[in-house]
Amino acid sequence: MSLDIIIGAQWGDEGKGRITDHLAKSANIVARYSGGDNAGHTVTVGREIFKLHLLPSGVIHPNVVGVLGNGMVINPKRLIEEMETLKAKGVDVSPSRIKISYAAHLITPAHVALDKANEIALGQGKIGTTGRGIGPAYTDKNARRGLRAEIFADMESAADQVETHIAQANMTLEKIHGQPTLNPKAVAAEFAEYAARLKPYITDTSLYLYQALKENKNVLAEGAQGSLLDIDHGTYPYVTSSSPTTGGAFTGLGIAPQFTRRVIGVTKAFQTRVGEGPFPTEAFGAEAERLRGTGANPWDEYGTTTGRPRRCGWIDLVLLRYSARINGLTELAITKMDVLSGLDRVRLCVAYSQDGKIYEELPLGPSHLAGCEAVYEEVKGWSEDVSSVRKINDLPQAAREYLNRIEALIGLPIKMISVGPEREQIVIRD
């Protein structure tokens, strides 16, 4: 029995799809357990670039079955579009390869409209959401009025549920936000079309995964976003609406912890975040632009889903220690080491300074970062291009010392180092 969980150890966008794709070579199933199409995982295979928002990254491998778990919120329109895109590139997206939990919640046009209306209403205090309807869908889920994928099994009888949902949302859109309303019957008809397409994919994925694990199959659990965006454990209120931490994998898939073998924390060699919220190690000006890139390359720091430029800064080991603790990480995977090549000095945040005191652990959780100033340690940079390196000892001495320093300060081994966007540009460390 083997369950490996892949965790974003920062604010998301760490390159989880890259690591999932690598590990999926020896997996039978890759199961996504949280989030919706606000996430974006990019996998590069030769000249082909796959941008995945809902389907698990591992489905690019023909040996892998992809599972969309009950912890997800799924926009059926976007899922079908994504499946069609992959199909056109030769990827099998038949029901034998894609399984959707009957208990996953659906994102409707009303959720998207409410998401955008809420951000407008917040003005300068906006969260910085992607506007994809994620928050409102999770709100409906927790208010026990959401629409689950199981309605696709009998859409004829569920049409009234869809119409009622839209009518309720219309009252909020019109009376509170002063925004245009939606046509309930038109949305119900639209969802009937989605049901006809997706009904064969709906199943009890919890049971499917349990049986697979009992049969000693290898399962990868893939989250969306990062630990610092967790609804409970992130930089609240600048967070997502789900649980991208390890606990979310168990509830979001309906499987038990005893199957777990590894919990792999994915982190960039530096730090990024999208949207609003605190960022103690944020860089500005030329320094930030150097880390971000120009946007000319697909791997530059611009959102896969939104295209927004990411805020960039230096790696924050205070937050990484926190992430390791709450997730029970067993190891780290470092991505984008190649981006740091050419820098004379590389900085690591090893502590915070606040009100004259030094903190190596968070003073009061990640929601209280205001006023925290990064205390940096600088190490020597390296000029060599590392993109062709495949063995740890072939990395420049300064790069190895940088990795060793991270290991020493976090207390976890770094088992994988990504040195470029291509599938094979990875160093495996025993």
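Let's start with two helices, H10, residues 317-327, and H11, residues 397-410: their axes come within 10 Å and cross at roughly 55°. This is a predicted model, by the way, so please hear everything that follows in that light. At that angle, H10 and H11 are oblique to each other. As for the hand of the crossing, H10 passes H11 in a right-handed way.

Who makes the contact? On the H10 side you'll find Leu 317, Leu 320, Arg 321 and Ala 324. H11 answers with Ile 406, Leu 409 and Ile 410. If you like to sort by chemistry, the residues of this contact split into six nonpolar and one charged, with no polar ones.

Now let's zoom out to the whole chain, if you'd like to rotate the view with me. In total there are 11 helices and 20 strands. Along the principal axes, the C-alpha atoms fill a box of roughly 65 × 50 × 40 Å.

How does the radius of gyration of the chain fit with a compact globule? For 430 residues, such a globule would have a value near 22 Å, and the chain comes out at 21 Å, so the two agree.

Two more numbers for the chain, and then I'm done. The first is burial: 55% of the 430 residues count as buried. The second concerns contacts with a sequence separation of 6 or more: residues 24 or more positions apart account for 76% of them.

Thanks, everyone, and over to you for discussion.

Technical notes: Residues numbered from 1 in each chain as written. Predicted model: local features only at pLDDT ≥ 70, side-chain atom pairs only at ≥ 80, totals over all residues. Heavy atoms only, no water. Axes fitted to C-alpha atoms, helices over the stretch in contact; angles between N-to-C directions. Helix = DSSP H or I, 4+ residues; strand = E, 2+ residues; numbered from the N terminus. Parallel < 35°, antiparallel > 145°, perpendicular 65-115°, else oblique. Left-handed = near helix turned anticlockwise from the far one by under 90°. Contact = heavy atoms within 4.5 Å. Nonpolar A, V, L, I, M, F, W, Y, C, P; charged D, E, K, R; others polar. Rg over C-alpha atoms; globule rule 2.2 N^0.38 Å. Buried < 20%, exposed > 50% of the residue type's maximum accessible area, 1.4 Å probe, protein only.
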